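Work through the two exercises below. Try each task before you read its solution.

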Amino acid sequence: MTRVSEVLRATKAEGRAALIGYLPVGFPSVGESIDAMTAMVEAGVDIVEIGMPYSDPLMDGPVIQTAATRALAAGVHIRDVFTAARAVTKAGAAAVIMTYWNPVLRYGVDRFAADLVDSGASGLITPDLVPDEAQDWIAASDKHDLDRIFLVAPSSTPDRLVSTTAATRGFVYAASLMGVTGARESVGEQAAILVERTRAVTGLPICVGLGVSTPEQAEQVASFADGVIVGSVLVRQLLDRTDPQDGLSRIRELAGALRRGMNR
Amino acid sequence: MTEQSNTRIGRFGAFGGRYVPEALVAALEELDEHRLKAQQDPGFMGELQRLHRTYTGRPSIITEVPRFAEYCGGARVILKREDLNHTGSHKINNVLGQALLTKRMGKTRVIAETGAGQHGVATATAAALMGLDCVIYMGRVDTERQSLNVARMRLLGAKVVPVDHGSRTLKDAVNEAFRDWVANVATTHYVLGTVTGPYPFPEMVRNFHRIIGVEARQQMLDEIGRLPDAICACVGGGSNAMGIFHRFIDDADVRLIGLEGGGEGVESGRHASRFSGQATPGVLHGAYTYVLQDDEGQTIESHSVSAGLDYPSVGPEHAQLHDSGRAEYYPIKDDEAMEALRLLSQTEGILPAIESAHALAGAMRIGRELGPGGVVLVSLSGRGDKDVDAAARWFGLLDEDGGDPA
């Protein structure tokens with residue numbers, strides 16, 4: 001069993017949802033991004049979703065696009081993802097990597113999987129890889145015992161909910177809405193309906209992402225999901241920070257508030 | 001022939017596939033179902049043929065260009081005149097098909113990416129014709145170098161959104177169109193403008209353009225009395241090239257030659273040549289194909305004087321034709337293309353698009369290879385009206401005071 005699965009089992013036993021925080025490695029710098037990940041673990045994040053910046057992030061809104069562009073301009077490398085995963089694991093949380101498919105393909109799918117295991121990360125979230133195209137990754141993740149976290153969306157047909165969750169390990173990533181990453185005024189009813197539809201076809205934990213940015217929204221999503229994924233609003237703290245210390249305190253404050261929202 | 005050699009649905013050999021967010025899969029399956037049914041539906045095909053005939057002006061003619069051919073080693077050169085289509089390029093063939101499909105699917109809004117602006121203009125045109133809302137995404141750099149086409153799209157009632165992310169060219173416009181599509185897929189069809197993207201786009205867009213080669217093959221037999229020795233077409237994403245190539249794939253004696261944007265030269269690193277050894281297979285915009293990318297899978301920005309060829313990836317069927325050896329691909333540098341543009345204008349009175357000028361420069365090379373007796377068919381995919389400003393700057397034809405030189 002991967003660390004992600006252990007964490008999700010433990011939070012379930014505590015009767016609460018897990019808090020999953022996303023930050024891209026390398027923004028504003030590799031060191032600062034890892035410090036921010038560690039800070040959010042200390043503030044109560046259970047699982048860190050480490051983003052690999054990519055030149056063409058077509059599932060991401062402006063905030064994460066900007067962070068990715070700056071991280072790439074500053075010279076982030078794939079190996080930095082593994083460094084971040086080690087730091088997160090050491091800080092006591094579970095780590096998963098979120099990456100578009102081409103960097104993994106270029107690195108070598110099996111080699112990527114082996115280095116992932118080495119870093120202590122539990123697996124991959126693949127926003128532009130559906131199970132239909134994932135034969136190599138399914139083989140590598142089987143071989144290395146890694147989680148493969150595929151997405152389901154409000155538009156997923158009943159057949160696809162069945163086939164996608166059957167290929168998934170660790171948890172199912174339920175996209176709360178039709179759209180790209182970024183804060184939204186409200187997390188709609190669509191999310192609750194999708195979780196209900198997904199629960200009907202799988203026993204896997206279901207974590208909800210996209211658009212969750214406030215403690216109130218986190219509390220609402222925690223009432224029906226096994227995990228709450230928060231991304232853009234965390235990245236926003238690092239975009240708006242005045243200096244590294246300010247960035248860390250903003251991250252701590254927000255992660256703490258989100259976690260308290262979910263504990264209610 | 002390519003249909004049979006596909007190893008899996010949606011693949012051209014190893015290339016193609018559907019690398020997209022799950023949120024789009026249902027829409028792609030819906031599109032596939034509708035376009036396969038439409039292909040068999042006499043009502044749909046009849047309507048498309050009627051539009052080709054009464055709106056686009058098909059069949060497009062072929063024109064022999066003997067004065068231009070003097071610069072092509074004495075080979076005969078024949079142009080397939082897609083530049084004479086309504087809206088000025090081949091792009092209308094695909095757009096009319098997809099706009100009809102949009103209505104068939106009950107959707108009311110279309111979005112599209114555009115580089116040179118030709119696909120955007122064609123989409124805005126079809127949207128106006130069929131009463132669809134229309135939003136066009138265009139890289140900021142391209143809105144500046146193709147400002148006339150921006151105005152054309154707006155005149156046609158479309159909203160043009162400049163894209164400021166990344167390299168601010170075609171690839172970023174595609175990203176932005178995908179982002180819009182994910183959010184609005186229930187009401188919106190993404191009119192992808194070339195033979196790449198997730199399945200079924202590469203095959204569907206090729207089928208809508210296949211008419212170019214079907215007409216040209218018959219016209220060659222009727223008017224020239226033989227098939228060409230070679231066909232030259234420019235390749236950005238590769239839609240006009242797939243359109244003219246496809247009907248000739250089984251004619252083994254006809255060389256299929258794709259000309260890529262060579263920019264400032266492949267060795268300079270500033271180019272859009274995917275088949276000259278610098279691009280490697282990878283995934284971009286939903287398809288597994290050749291991609292200009294670095295060692296870590298990050299897309300490398302392409303460069304070309306031609307906005308329509310300035311794209312780091314290429315349609316997956318071209319990747320297969322390349323690897324199988326059935327088609328050949330060569331880079332044409334910016335200055336070679338501009339010289340061909342000047343030559344055709346001054347020898348034949350036909351001003352080609354800068355994109356199509358790459359195919360003409362290819363014909364100049366291949367013609368010299370074939371020599372007298374050779375016959376080259378060129379896909380003249382678009383007209384150069386949109387490029388007058390760029391060409392005038394390139395050749396220094398504009399006077400500071402705006403007057404005619406004495």
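**Exercise 1. Find how much area chain A and chain B bury between them, and which residues of chain A lose the most.**

Step 1. Chain A and chain B bury about 3,000 Å² between them, 49% of it on carbon and sulfur atoms. Buried area is the accessible area (1.4 Å probe) that two parts lose on being put together, summed over both.

Step 2. On the side of chain A, A:L58, A:R106 and A:E133 lose the most area to chain B, together 23% of what that side buries.

Step 3. This is a predicted model: local features need pLDDT of at least 70, side-chain atom pairs count only at pLDDT 80 or more, and totals for chains, interfaces and linings use all residues. Residues are numbered from 1 along each chain as written, chains are lettered from A and ligands numbered from 1 in written order, and side-chain values use heavy atoms, without hydrogens and water.

Step 4. Five salt bridges link chain A and chain B. In one, A:E133 pairs with B:R11, the closest N and O atoms being 2.4 Å apart. A salt bridge is a side-chain nitrogen of Lys or Arg within 4 Å of a carboxyl oxygen of Asp or Glu.

**Exercise 2. Explain where the buried residues of helix α10 of chain A lie around the axis.**

Step 1. List them: A:P215, A:Q217, A:A218, A:V221 and A:A222 are buried (under 20% relative accessible area, 1.4 Å probe, protein chains only). Helices are DSSP runs (H or I, at least four residues), and strands too (E, at least two), numbered from the N terminus.

Step 2. They share one side of α10(A), because they cover an arc of only 160° around the axis. The arc is that of the directions from the helix axis to the C-beta atoms.
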